[in-house]
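Student: Please take one contact surface in this structure and describe it closely. Then place it in its setting, with enough on the rest to compare the parts.

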Amino acid sequence: MQDMFSHIPWALVLILLPLLTGMTSFLWPRSAATLGVATAAILVIAVAGLGWQLHYLYDGTYHHAVGGWGAPLGIALHADGLSLLMLTATALVGMGVSVYSLTYFDREKALRFWPIWLFLLAALNALFLSADIFNLYVTLELLGLAAVSLTALAGGKAALDGAMRYLLATLLGSLCYLLGVALLYHSYGSVDIATLAQRVEATPAVWSAMGLIGIGMLLKAALFPLHFWLPRAHASAPAPVSAVLSALVIKAAFYILLRLWLSLFGPLSESGAELLGLLGAVAILWGSIQALRQVRLKLLIAYSTVAQIGYLFLAFPLAAFAALSTWNAVAYLALSHALAKAAMFLAAGNLLRFGGHDRIRDLGGVVQRLPLTAWAFALAGVSIMGLPPSGGFIGKWLLLETALDQARWDLVLVMMLGGLLAAAYVFKVLGYIFTEADISHETGEVTKTMEWAALSLAIAAMVLGFIAVPLLEWLGLEQVVGISEISQ
Amino acid sequence: MNWDNWVPLLVVLSSLLPGLIIFSLAEQRVRTRTTLNLFGVITKLGLVALMVWGVYNEHHYETRLELLPNLELVLRAGPLSLLFVILSAGLWLLTTIYAIGYLEGSPHRSRFFGFFSLCVTATVGVALAGNLITFLLFYELLTLSTYPLVVHRGTLAARRAGQTYLIYTVFGGACLLLGTVWLYSITGTLEFTPRGFISGLGDEHRSALIMIFILLITGLGVKAALFPLHGWLPQAMVAPAPVSALLHAVAVVKAGAFGIIRVVYEVFGIGTAAALGVTTPLAGLAAFTIIYGSIRALFQDDLKRRLAFSTISQVAYIILGIAIVGPIATIGGVVHLFHQGLMKITLFFCAGNLAETLEIHKISEMNGVGKRMPWTMAAFTIGAFGMIGAPPIAGFITKWYLGMGAVNTGQNWIILVLIGSSLLNAMYFLPILHRAWFLEPPKSWPVDRQFGRKETAWALLLPPLVTAAIAVGVGLLASVPFSPLEWAKLISQREFYQP
């Protein structure tokens with residue numbers, strides 16, 4: 001049994017399974033929902049399997065040439081701690097969102113949702129497992145298109161408007177990225193990351209490539225000031241889609257940036273790190289203040305994403321001196337944000353469905369009818385604020401510690417302010433749980449499945465606060481960091 | 001597997017698990033809820049009694065769980081932690097009984113008792129925390145779990161108070177977090193150690209250490225309601241009486257004061273703190289808070305608000321005792337942690353009884369209330385005299401030790417503060433007693449709920465009588481083994497000063 005478990009090529013399962021079930025669910029829509037949830041469940045197992053293999057069979061990095069064709073001709077897969085981190089986030093959030101979607105969509109919408117959703121999962125997993133920058137482009141484009149289609153799923157003017165902005169932003173981002181890839185390929189004759197890592201030098205072509213790829217990815221990751229498309233797109237999408245967009249899709253762009261930074265660009269540029277850190281800092285403050293000013297719940301959560309993504313970028317200037325602890329912090333922040341933010345959007349979806357609106361001021365009566373949803377929002381909020389006990393707290397602690405070690409008071413200050421502002425906007429919503437308000441009549445039905453899906457994700461974000469040591473060991477980021485330090 | 005390694009964790013879980021179950025209970029399942037509550041309290045008290053005996057005999061109870069690389073979640077039972085655990089667990093029992101009576105028939109009781117249990121969990125965690133990060137964890141949990149209780153009634157005033165409470169406590173939490181991480185990045189450890197763990201650091205860290213001290217004390221001072229961070233406490237009085245009684249007289253403010261004790265004695269060490277020159281300003285601030293709180297209390301007509309300002313003033317005694325560098329004053333400060341809890345909870349219970357039975361909220365409405373509710377007012381009288389510092393009630397012991405300690409260390413100005421505050425205490429408590437006992441009652445009370453031949457429901461009357469009796473008892477029997485005073489001496493010997 002264990003033997004079988006260890007020999008299944010889990011990396012391939014992660015890509016091919018959702019692709020296959022996506023197509024099946026398109027052809028047999030009646031079994032789509034069951035198939036989707038089953039796929040999500042198997043993906044969780046597959047990630048566990050891959051993690052196990054990385055640990056015990058491959059010594060931290062897994063390389064697989066599909067069909068026996070390696071670089072430069074074939075498609076190669078690559079997995080290490082960083083991939084594992086993102087795959088884990090995808091699997092967990094994917095599970096929660098799939099369960100939630102079981103009862104969220106009506107028949108007609110479900111018909112369209114499930115195939116695209118499974119394609120999106122396949123694209124995400126493939127992206128996190130790509131070993132070369134061209135495959136990254138292909139998966140990124142697939143991901144973008146799937147995400148835009150899902151955003152438009154809600155129908156109506158707001159959704160289409162949001163989706164349109166999103167489409168333009170994502171296409172522009174991919175285009176920049178592709179130009180960067182072309183420059184690198186032209187200069188070094190390879191798209192394989194490992195090969196490029198050995199060859200890159202600080203030439204104008206590489207600088208331009210770095211600029212283009214950087215801008216493309218920052219746009220997709222919605223880092224300030226390129227976040228303009230995010231709030232509307234994320235707020236107008238259906239709840240499970242908002243959850244996926246905020247939790248996973250923007251992090252895919254962050255992943256690409258980080259991956260290329262670690263192996264290609266980081267060693268070449270120190271001022272780039274400072275710039276990213278600065279943008280991250282502004283994003284935290286700007287996003288938080290905007291979140292605080294919102295009157296609609298989903299917009300508030302979307303702006304909170306703009307702020308939270310900033311924390312991930314604060315790490316760049318810190319990583320030069322303490323790579324492992326910084327990237328551990330980032331891993332924790334990214335994972336707990338994924339879980340908590342997904343939980344928040346799902347909870348907001350419940351409130352919106354139940355009350356028919358998401359005006360924060362009038363939420364009182366709605367929240368009190370859905371105690372489980374209120375809990376989901378509250379627990380997710382704790383993690384977003386970075387209060388203990390939660391994954392968010394662990395991440396914030398690690399990042400603060402690194403910043404203080406290096407006496408980076410500017411970053412410390414931003415983190416503290418960001419935490420206070422986050423508390424302000426989370427409690428702005430939570431305060432209404434306790435108002436004595438007239439109980440509103442329900443306009444749409446919220447099932448227990450939907451409530452529990454949101455709550456489970458929020459609880460998972462809490463649980464992260466207690467398993468830091470084994471989890472960080474399981475991710476084994478020192479391998480990833482080790483590679484980048486050798487190339488320095 | 002060693003059983004002793006799990007006792008502290010079980011003490012924490014004994015209120016956490018019932019609390020989590022209570023949340024899921026339907027509103028009308030009163031009996032299940034009460035059983036769960038009492039089961040939790042009694043289990044906790046049993047475990048605590050076990051630990052008291054063990055610790056007295058130099059036994060170690062310690063739970064360690066990995067939290068972060070190189071940082072553990074540590075729960076450890078030492079003499080100091082046990083003092084606070086006994087206080088909160090014991091008063092939790094009484095307050096639970098009181099709350100069951102007080103909230104009978106009101107909405108959202110499952111939510112209330114759920115958060116109530118979480119609060120006690122957090123308080124006990126704060127008490128047992130064996131290092132600063134564990135302390136921080138439970139300290140923040142205390143913020144999160146008290147907020148729902150402050151806003152429990154859901155009125156506009158309650159929500160405003162909740163907002164103020166959050167602004168203060170979240171700010172405090174941020175200061176504490178920053179100070180803690182900073183300290184960790186300098187020392188590489190956060191373990192509470194008798195006589196402190198930073199004495200070995202060189203002079204180059206001096207200014208950083210002073211900043212850290214300020215950050216930590218600011219973070220803790222918010223909950224301890226130290227001037228100028230006290231603003232939330234009077235406002236939080238909109239909460240239901242059991243919340244004011246247990247949390248705002250005991251758990252929350254004491255968590256702050258307790259944290260200051262930990263920081264001064266077991267993080268910095270009193271010698272190092274004194275050498276850094278931070279104890280004298282702290283003593284000055286505490287002395288100012290004592291006088292300031294008392295003066296503000298004089299001008300309050302709302303009974304609970306007067307008590308709240310009195311709390312601000314009284315909690316500062318604890319901090320004053322700590323900041324006077326010397327063993328005798330320290331004993332006074334530590335023992336006041338216990339004494340003040342007993343006396344203040346009595347007063348708040350009584351205020352709740354007046355409100356619940358006769359709808360009396362203001363002091364000006366209390367004329368002759370002693371005739372209608374003699375038992376309640378008797379308990380109130382004991383509490384008030386204790387606060388003033390009249391022997392043989394517990395408060396006298398505290399003031400005696402504080403005064404002695406001040407004289408011993410040659411800081412005579414503190415005697416003036418003590419005399420001044422006792423006078424002020426008398427000025428704001430005696431008129432209440434005079435009104436209640438010697439003025440003619442009005443023809444009719446605002447509302448007069450009847451409870452047969454008793455003056456009020458037994459669940460409301462019993463707790464203040466018990467706490468008042470204990471307050472007299474610990475004063476009379478101060479030198480009997482296991483009395484709070486003797487225990488405080490034990491703490492001072494084992495943890496604070498070189499023997």
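Tutor: What follows starts with the conventions, then goes to the contact between two domains, and then to the chains around it.

This is a predicted model, in which local features need pLDDT of at least 70 and side-chain atom pairs count only at pLDDT 80 or more, while totals for chains, interfaces and linings use all residues. Residues are numbered from 1 along each chain as its sequence is written, and chains are lettered from A and ligands numbered from 1 in the order in which they are written.

The part chosen is in chain A, which is assigned domain 1 (1-269) and domain 2 (274-488); such bounds come from an automatic or database domain assignment. The centres of domain 1 and domain 2 of chain A, taken over C-alpha atoms, are 21 Å apart. In the contact between them, domain 1 of chain A is represented by 43 residues and domain 2 of chain A by 47 residues. Two residues are in contact here if their C-beta atoms, placed from the backbone, lie within 7 Å.

On the domain 1 side of chain A, two or more residues each come from helix 4 (81-104), helix 10 (230-236) and helix 11 (239-265). Helices (H or I, at least four residues) and strands (E, at least two) are DSSP runs, numbered from the N terminus. Helix 4 of chain A is the main contributor to that side, with 15 residues. Sorted by class, the domain 1 side of chain A holds 28 nonpolar, 13 polar and two charged residues. In this scheme Ala, Val, Leu, Ile, Met, Phe, Trp, Tyr, Cys and Pro count as nonpolar, Asp, Glu, Lys and Arg as charged, and the others, Gly among them, as polar.

Helix 4 of chain A also packs against helix 5 (residues 107-129) of chain A, at an angle of about 170° and with axes 9 Å apart. Axes are lines fitted to C-alpha atoms, for helices over the stretch in contact, and angles run from 0 to 180 degrees between N-to-C directions. Helix 4 and helix 5 of chain A are therefore roughly antiparallel (angles over 145 degrees; under 35 is roughly parallel, 65 to 115 roughly perpendicular and the rest oblique). Helix 4 of chain A brings A:Ser83, A:Met86, A:Leu87, A:Thr90, A:Gly94 and A:Ser101 to this contact, and helix 5 of chain A brings A:Phe113, A:Leu121, A:Leu124, A:Asn125, A:Phe128 and A:Leu129. Seven of the residues are nonpolar, five are polar and none is charged.

Chain A as a whole has 21 helices and two strands. Its C-alpha trace spans about 65 × 55 × 45 Å along the principal axes. The radius of gyration of chain A is 21 Å, which agrees with the value near 23 Å for a compact globule of 488 residues; the radius is taken over C-alpha atoms, and the rule is 2.2 Å times the number of residues to the power 0.38. Of the 488 residues of chain A, 61% are buried. A residue is buried if 20 or more other C-beta atoms lie within 10 Å of its own, exposed if 12 or fewer, and partly exposed in between, with C-beta atoms placed from the backbone. Among contacts in chain A between residues at least 6 apart in sequence, 81% link residues at least 24 apart.

Chain A also meets chain B: 26 residues of chain B contact 22 residues of chain A. Strand 1 (61-68), helix 5 (132-150) and helix 6 (156-187) of chain B each give at least two residues to the chain B side. The largest share, twelve residues, is from helix 6 of chain B. By class, this side of chain B has 17 nonpolar, six polar and three charged residues.

Chain B contains 19 helices and two strands, and 60% of its 499 residues are buried. Within chain B, helix 3 (residues 79-102) and helix 9 (residues 241-268) have axes that come within 9 Å and cross at roughly 170°, which makes them roughly antiparallel. Their contact has 16 nonpolar, two polar and one charged residues.

Elsewhere in chain B, B:Leu128 belongs to helix 4 (residues 109-128) of chain B. B:Leu128 is buried, with 28 other C-beta atoms within 10 Å. Not counting residues up to four places away in sequence, B:Leu128 touches several residues, including B:Pro8, B:Val12, B:Leu75 and B:Val85.
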